[in-house]
Amino acid sequence: MALTPSSMVPLGTEAPDFSLVEPRTGHEVSLADVSRSKDALLVMFICNHCPFVVHVNEELVRLGHDLTERNVGVVAISSNDVESHPQDGPELMAEHAEQLGYPFPYLFDADQSVALAYSARCTPDFFLFDRERKLAYRGQLDSSRPGSSIPCDAQDLRAAVDAVLDGKGPVETQRPSAGCNIKWSPGNEPE
């Protein structure tokens, strides 16, 4: 497993717009759809096969339920190249989301334009935006990693959500997320 850190985009960056297909339903889902009337928005870049994502999947389901109850929009996006990684293709994404019971849309970024717009670099990669859709947190879910004895509890991300919802703004300490690199299509690799 190669470990790739997140890019730590500047805080205050506006959430890039998107409209992507949700393979479970076949419908397009936009930034407006997942953020309308929400107090915050969590955008996650994940995929089906990455061992770092597999390690946190149960917590992502819990987190999705918890944040929805707190009026936080939640969406997951898979941007991996399906030519080189067919296990991350739309049909398998739909099966995966159904099996795990993802309580949030799991969207397919076929041309990787959304991952590039967000400066996503790894799976998982987390971006929390406030009510005005300004970036308030980018970084790790928590300190747990595959094979570690640290429990997966989303401690870092949950603290960031609490701060945003309490009107305190970004938390001071933000550690990069780390995981597998996004599997870029030839010519799409970020600089």
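## A walk around helix H5

Start by selecting Gly167, which comes after helix H5 and has a positive phi, near 75°. As you look around, keep in mind that this is a predicted model.

**Step back into H5.** Now select residues 155-165, the helix H5 itself. Which of its residues are buried? Colour Asp156, Leu157, Ala160, Val161, Ala163 and Val164: these are the buried ones in H5. Turn the view until you look down the axis of H5; the buried residues fall within an arc of 160°, so they line one face of the helix.

What covers those buried residues? Show strand E4 (40-45), strand E5 (72-78), strand E8 (125-129) and strand E9 (135-139), and add H2; the cover of the buried residues of H5 includes each of these.

**Bring in H2.** Keep H5 on screen and select residues 51-69, which make up helix H2. The two helices pack at an angle of about 10°, and their axes are 12 Å apart. H2 is therefore roughly parallel to H5, since angles under 35 degrees count as such.

Next, show side chains where the two helices meet. On the H2 side, pick Glu59, Arg62, Leu63, Asp66 and Leu67; on the H5 side, pick Leu157, Arg158 and Val161. Colour this contact by residue class and you will find 4 nonpolar and 4 charged residues, with no polar ones. Leu157 and Val161 may look familiar: both are among the buried residues of H5, and both take part in the contact with H2.

**Follow H2 to a sheet.** From H2, select E7 and E10: the helix lies across both strands, running at about 130° to E10. Add E1 and you have an open sheet of 3 strands, in the order E1-E10-E7, with antiparallel pairing. Strand E1 (4-5) and strand E7 (122-123) are the edge strands, each pairing on one side only.

Zoom in on E1 and on E10, residues 178-181; this antiparallel pair is joined over 2 bridges. Which residue of E10 stands opposite Thr4? Label Gly179 and you have the partner.

**Last stop: a hairpin.** Select residues 19-22 for strand E2 and residues 27-30 for strand E3; they pair in the antiparallel sense over 4 bridges. Pick Leu20, then look across to Val29, its bridge partner in E3. Between the strands of this hairpin are 4 residues, and Gly26 takes a positive phi near 80°. The tour thus ends as it began, at a glycine with positive phi: Gly26 here, and Gly167 at the start.

How values were computed: Residues are numbered from 1 along each chain as its sequence is written. This is a predicted model: local features need pLDDT of at least 70, side-chain atom pairs count only at pLDDT 80 or more; totals for chains, interfaces and linings use all residues. Side-chain values use heavy atoms; hydrogens and water are left out. Axes are lines fitted to C-alpha atoms, for helices over the stretch in contact, and angles run from 0 to 180 degrees between N-to-C directions. Angles under 35 degrees count as roughly parallel, over 145 as roughly antiparallel, 65 to 115 as roughly perpendicular and the rest as oblique. Contact means heavy atoms within 4.5 Å. Ala, Val, Leu, Ile, Met, Phe, Trp, Tyr, Cys and Pro count as nonpolar, Asp, Glu, Lys and Arg as charged, and the others, Gly among them, as polar. Two strands pair if DSSP finds at least two bridges between them. Buried means under 20% relative accessible area, exposed over 50%, partly exposed in between (1.4 Å probe, protein chains only). The arc is that of the directions from the helix axis to the C-beta atoms.
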